[in-house]
Amino acid sequence: MAALSKFIRSVAIMAVAAMTTAAHAQPAWPGKTLTLVVPYTAGGTNDTLGRTLGDILRQTYGTATIIENKPGAGGSVGTEAVARAKPDGTTLLLASTSPLTIFPNLVKTSYDPMKDLVPVASVAVGPVGILATKALPVSTFAELVDYAKQHPGKVTFGIPGLGSVAHIGMAALNKQVGIEMLQVPYRGGSQAVSDGLGGQVDLLVVNTDIVLPHVAAGTLKPLAVMAPQRLAPWPDVPTMAELKLPDIRYFSNFSLFAPAGVPPEVMKTMRDAIAKALASPQYQQMLEKNSMQPGTGIGEEFAKQVRTDYENNQRIIRESKIQVQ
């Protein structure tokens, strides 16, 4: 909760700073349309976040916001489009950090994630849970580690695809804790959950929003959450940091990125406007409704997180010999 309070305080300070500028300050994108490029198909979490942000920016600044879905190649198609866009603040990428911190470490991309794009702000966290199915006789994370050490190579975990946050996170967990659990990749989280409920895998490592009803029904047992803070529906389930594993910070970090080269004054205005939007009651209510948590930072604070995640993922992928082809 301390991390949450710190983030909300930092957002509030930036929001106040933005509001105390001249009463008739120009909008962040004066007389222009803001395009939020989502590198996935329509209808997902990114669209929900984009619509809410767009509504707030329109109400506050009169900015017309368009959500443009550009799916393909693990998010790299839309990411490249933004990397090549004119750096004037009218085009931003809205995505999880995976196309910048994971995918380029697995396959060659036409963009350099650390040079061609600039982190603007983390806007929401989609927590990832580690859940035991009824096929596994454990009730806590400590019991899971003990069981896995006693049965090396026998415990299986379902993930929503190769190269996903869950995939890299569990590779990091295996290595750090000194256990060997086997991944079972699926084409999406829902498919993994279906097999987990059927007892075909021992664990599920998926975004928590899709398993909340099953946990409430008692058919899945959450052991830990990969998120900055505990989940409100699971107050007794610890985070990885609370389990003395602070480096296992693998969750869906939905964020905004700009093309490199945006003028500093434009970037500052954008970040101020976004900070104000993130602190608004409308946005906070949307997060709660969709079982998401506040973003992890804005500006240079967030940029440092992205660079660290990129380097950590690069190391884990290399050391674990992870391939997706």
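Helices here are DSSP runs of H or I with at least four residues, strands are runs of E with at least two, and both are numbered from the N terminus. With that in hand, helix α9 (residues 264–278) holds both D272 and K268, which sit four residues apart, about one turn of the helix. A quick word on ground rules: this is a predicted model, where local features need pLDDT of at least 70 and side-chain atom pairs count only at pLDDT 80 or more, while totals for chains, interfaces and linings use all residues. Residues are numbered from 1 along each chain as its sequence is written, and side-chain values use heavy atoms, with hydrogens and water left out.

**Two domains and what lies between them**

- The chain splits into domain 1 (33–125 + 251–320) and domain 2 (128–243), with bounds that come from an automatic or database domain assignment.
- Taken over C-alpha atoms, the centres of domain 1 and domain 2 are 27 Å apart.
- In terms of contact (heavy atoms within 4.5 Å), 16 residues of domain 1 meet 17 residues of domain 2.
- The size of an interface is often given as the accessible area lost when the parts come together.
- Here domain 1 and domain 2 bury about 1,300 Å² between them, 65% of it on carbon and sulfur atoms; buried area is the accessible area (1.4 Å probe) that two parts lose on being put together, summed over both.
- On the domain 1 side, F251, Q293 and I316 lose the most area to domain 2, together making up 43% of what that side buries.
- Three residue pairs, both at pLDDT 80 or more, are in polar contact between domain 1 and domain 2. A polar contact is a pair of N or O atoms within 3.5 Å; within protein, one must be able to donate a hydrogen and the other to accept it, and residues adjacent in sequence count only if both atoms are side-chain atoms.
- Helix α11 (residues 300–319) gives four residues to the side of domain 1 that touches domain 2, the largest share.
- That side of domain 1 divides into seven nonpolar, eight polar and one charged residue. The sorting goes like this: Ala, Val, Leu, Ile, Met, Phe, Trp, Tyr, Cys and Pro are nonpolar, Asp, Glu, Lys and Arg are charged, and the others, Gly among them, are polar.

**Salt bridges**

- Side chains of opposite charge can pair when their charged atoms come close.
- Nine salt bridges turn up in a search of the whole structure, each being a side-chain nitrogen of Lys or Arg within 4 Å of a carboxyl oxygen of Asp or Glu.
- Across the interface of domain 1 and domain 2, the rule finds one salt bridge.
- E319 pairs with K175 in a salt bridge, with the closest N and O atoms 3.7 Å apart.
- In helix α9, D272 and K268 form a salt bridge at 2.8 Å, N to O.
- D272 counts as buried at 14% relative accessibility, whereas K268 is exposed at 52%; buried means under 20% relative accessible area, exposed over 50%, and partly exposed in between (1.4 Å probe, protein chains only).
- D116 and R84 meet in a salt bridge at 3.5 Å, N to O.
- This pair links distant parts of the chain, 32 residues apart: D116 is in the loop between α4 and β4, and R84 is in the loop between α3 (76–83) and β3 (91–96).
- R84 counts as partly exposed, at 47% relative accessibility.
- E300 and R307 meet in a salt bridge at 2.7 Å, N to O.
- Both of those partners count as partly exposed, E300 at 44% relative accessibility and R307 at 36%.
- K175, R315 and E319 are joined into one network by salt bridges that share partners.

**Loop residues to look at**

- T109 sits in the loop between α4 (98–101) and β4 (117–126), and counts as buried because its relative accessibility is 19%.
- A polar atom of the T109 side chain lies 2.7 Å from the backbone oxygen of Y111.
- Not counting residues up to four places away in sequence, T109 touches F103 and P104.
- K244 has a positive phi, near 65 degrees, in a residue other than glycine.
- K244 is in the loop between β9 (221–226) and β10 (252–259), and counts as exposed at 70% relative accessibility.
- S291 also has a positive phi, near 55 degrees, in a residue other than glycine.
- S291 lies in the loop between α10 (281–289) and α11, and is partly exposed with a relative accessible area of 28%.
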